[in-house]
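Biologist: Let us go through the terms used for this model. I will ask, you explain.

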Amino acid sequence: SGFSKHPELQHLLFFTFCLIYAVTIIGNLLIFMVTVHPSLRMPMYFFLRVLSILDISTASIVVPKMLVNFLSEDRSISYMGCATQLYSVIFLGATEWYLLAAMAYDRYMAICNPLRYAIIMNSRVCVSLVLLSCCSGNVVSVVQTAWVFSLPFCGPRNINYFFCDIPPLIMLSCTDTSLYEKQIITATALVIFTPFCLILVSYACIISSTLKISSAEGRHKTFSTCSSHLTVVTLYYASGTLIYLRPKSSDSQDTKKVLALIYTTIIPTLNPLIYSLRNTEVKGILIKIIAE
């Protein structure tokens with residue numbers, strides 16, 4: 001049903017999210033183009049390229065269908081289409097959670113072990129971390145999607161959401177879902193908090209190491225290097241936690257829709273801005289590309 005409760009806003013919402021989607025695609029493509037520059041061969045920029053691909057994919061799974069629904073009377077989605085969309089969103093989201101942990105580990109190695117950084121964080125290790133993130137995301141997605149679609153759906157078929165996601169789907173089940181909800185909460189806690197704990201440990205070591213730097217300029221440069229990643233982590237984990245750790249909570253569906261919008265459309269748009277505006281190297285290469 002999307003945002004059909006506000007029919008007077010459908011055209012305005014269409015143009016707003018069309019613009020957001022365009023900014024997401026263009027911004028992430030620019031980040032990808034910038035980070036393939038020969039002067040940016042550090043592992044951090046390799047992970048940033050992968051992050052851009054994930055953001056483009058997440059937005060492309062959700063937004064085009066949402067845009068069509070703004071202008072169409074027929075907002076239906078097939079059973080297989082819904083399952084595919086759910087699998088894709090969970091896979092991309094979980095993969096990004098693990099990738100952010102890999103990026104935190106990269107920052108830890110760069111700041112706390114600078115002399116061994118190039119040896120430890122070689123291309124083989126970086127590719128392995130990305131593949132491990134993808135494999136972990138795939139396992140999580142397969143299990144969660146299988147759980148959701150093993151439930152009997154014999155009641156209403158109206159999904160009060162703008163894409164197929166766990167919270168609105170389990171509300172359509174005509175059986176007791178309390179056990180399933182506990183399984184979701186347990187799985188989500190493991191999926192979210194495992195990489196989040198790794199990030200916290202990495203940044204605890206980074207902060208401890210940074211405080212030992214004698215010059216204020218050195219400390220500022222180190223903290224500014226990590227600030228972009230911390231901003232993304234805060235936005236991503238906060239919205240994901242509020243959505244999936246309370247799958248059938250008393251919160252209104254409008255509240256969940258706003259959180260899901262942040263998670264699937266706003267954050268992929270903000271990532272290029274956060275990383276380009278807070279990173280002098282990225283800004284420098286971006287200005288050169290635009291000037292050419």
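**Terms and values**

Modeller: C134 is partly exposed, with a relative accessible area of 25%. Two notes before you ask. This is a predicted model: local features need pLDDT of at least 70, side-chain atom pairs need pLDDT 80 or more, and totals for chains, interfaces and linings use all residues. Residues are numbered from 1 along each chain as its sequence is written, and side-chain values use heavy atoms, without hydrogens and water.

Biologist: Why is C134 called partly exposed?

Modeller: Buried means under 20% relative accessible area, exposed over 50%, partly exposed in between (1.4 Å probe, protein chains only). C134 has 25%, so C134 is partly exposed.

Biologist: What makes C154 exposed?

Modeller: Its relative accessible area is 57%. The cut-off is over 50%, so C154 counts as exposed.

Biologist: How do you know that C82 and C164 are joined by a disulfide?

Modeller: A disulfide is a pair of cysteine sulfur atoms within 2.5 Å. Here S to S is 2.1 Å, so the pair qualifies.

Biologist: Why is this disulfide of C82 and C164 called left-handed?

Modeller: The torsion about the S-S bond is about -120°, so the disulfide is left-handed.

Biologist: What keeps C134 out of the disulfides?

Modeller: The nearest cysteine sulfur, that of C135, is 6.9 Å away. The limit is within 2.5 Å, so C134 is in no disulfide.

Biologist: How do you know that helix 3 is largely enclosed by the rest of the structure?

Modeller: Helices are DSSP runs (H or I, at least four residues), numbered from the N terminus. In helix 3, 25 of the 34 residues are buried, so this helix is largely enclosed.

Notes
Helices (H or I, at least four residues) and strands (E, at least two) are DSSP runs, numbered from the N terminus.
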